[in-house]
Amino acid sequence: RFAAENQIWMSIGSIAVSGPGGKILNRGYMVDNQGNIRGRYDKINLFDVQITEDEGYRESTQVLPGNEATIFDTPFAKIGHTICYDIRFPQLYRSLAQAGAEVLSIPAAFNNITGAAHWHVLNRARAIENGAYVVSACAIGPIQGGTEAYGHSLVVDPWGKVLVEGGIEPGVVYATLDMDKVAKARARIPSLQHDRPFDLNVEDNRKTA
């Protein structure tokens, strides 16, 4: 209803949806300007990590992974939708960009530890590698387990420049995306066209007793 009343497209980020076997799916949706759901994406990469000796997460105990990357073809851009921990898997974004994605949407709930260390550099890297805009809304506030979400929502341009950054309080940030900059960045450094297949040779040079 909100999308239809305001004549906007909405990328709705990370939502827990009931799945098979008593588990949930971490799902995102695209809603068009008529209020219709035009597609969905289920998070592929699950957050099973041990950040510190005392702080660990096992998303796979409650969540089923998706197995299909998704591009939404909207009137203004082709948008690749991913979620949170996906940002650490550059091959996913490479595939989206090579399939035509011009904007990469990455709604997230990074915690304070990983956020402070990696949030900005990962978002800028995904933009630079793929010559794409990155739009990353990041949650704020408490996370189950005792930590806090990092916030600092970002919009990054295809050259890696941070156009706007949110803080650690609830709010709204926005930026105007010039889609010509995607084509210009990809023309200047056409790495999406330069990928070549290769063999991997691992030499075992360890000395034996």
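A salt bridge here is a side-chain nitrogen of Lys or Arg within 4 Å of a carboxyl oxygen of Asp or Glu. The model is predicted: local features need pLDDT of at least 70, side-chain atom pairs count only at pLDDT 80 or more, and totals for chains, interfaces and linings use all residues. Residues are numbered from 1 along each chain as its sequence is written, and side-chain values use heavy atoms, with hydrogens and water left out.

**Exercise 1. Find the salt bridge partner of E59, and say where the two residues sit.**

Step 1. Check the distance. E59 pairs with K43, and their closest N and O atoms are 2.8 Å apart.

Step 2. Place the residues. Helices (H or I, at least four residues) and strands (E, at least two) are DSSP runs, numbered from the N terminus. The E59–K43 pair links distant parts of the chain, 16 residues apart. E59 is in the loop between β5 (56-58) and β6 (63-64), and K43 is in the loop between β3 (37-42) and β4 (48-50).

Step 3. Classify the exposure. Buried means under 20% relative accessible area, exposed over 50%, and partly exposed in between (1.4 Å probe, protein chains only). E59 has 16% relative accessibility, so E59 is buried. K43 has 3%, so K43 is buried.

**Exercise 2. Count the salt bridges and describe those of D32 and R126.**

Step 1. The count is five salt bridges. As background, side chains of opposite charge can pair when their charged atoms come close.

Step 2. D32 bridges to R38, with the closest N and O atoms 3.0 Å apart. D32 is buried because its relative accessibility is 4%.

Step 3. R126 bridges to E129 at 2.8 Å between the closest N and O atoms. Both lie in helix α3 (residues 112-130), three residues apart, about one turn of the helix.

Step 4. Compare the classes. R126 is buried at 5% relative accessibility. E129, at 30%, is partly exposed.

**Exercise 3. Trace the contacts of N45.**

Step 1. N45 lies in the loop between β3 and β4. Its relative accessibility is 15%, so N45 counts as buried.

Step 2. Contact means heavy atoms within 4.5 Å. Leaving out residues up to four places away in sequence, N45 touches E59, Y85, D86, F89 and L92.

Step 3. Look for polar partners. A polar contact is a pair of N or O atoms within 3.5 Å; within protein, one must be able to donate a hydrogen and the other to accept it, and residues adjacent in sequence count only if both atoms are side-chain atoms. The N45 side chain makes one with the side chain of D86 (2.8 Å).

**Exercise 4. Give the strand order of the six-stranded open sheet, then place α3 on it.**

Step 1. Two strands pair if DSSP finds at least two bridges between them. The order is β7-β8-β9-β10-β13-β14, with mixed pairing.

Step 2. β7 (70-73) and β14 (162-165) are the edge strands, each pairing on one side only.

Step 3. Take one pair. β10 (residues 133-136) and β13 (residues 154-156) run antiparallel over three bridges. V134 has V156 in β13 as its bridge partner.

Step 4. Add the helix. α3 packs on the sheet and touches β9 (103-105), β10, β13 and β14. The direction of α3 makes about 30° with that of β13. Axes are lines fitted to C-alpha atoms, for helices over the stretch in contact, and angles run from 0 to 180 degrees between N-to-C directions.

**Exercise 5. Describe the largest nonpolar core and the surroundings of W119.**

Step 1. A nonpolar core is a set of buried Ala, Val, Leu, Ile, Met, Phe, Trp, Tyr and Cys residues joined through side-chain atoms within 4.5 Å. The largest has 21 residues; Y93, L104, F110 and W119 have the most contacts inside it.

Step 2. α2 (90-98), α3 and β13 each supply at least two residues of this core.

Step 3. Beyond four places in sequence, W119 touches residues including I106, F110, Y150 and L154.

Step 4. A second, separate core of nine residues includes W9, A77, I79 and V103.

**Exercise 6. Which residue in the turn between β1 and β2 has a positive phi?**

Step 1. β1 (residues 10-18) and β2 (residues 24-31) pair antiparallel over seven bridges.

Step 2. They form a hairpin with five residues between them, and G21 in the turn has a positive phi of about 65°.
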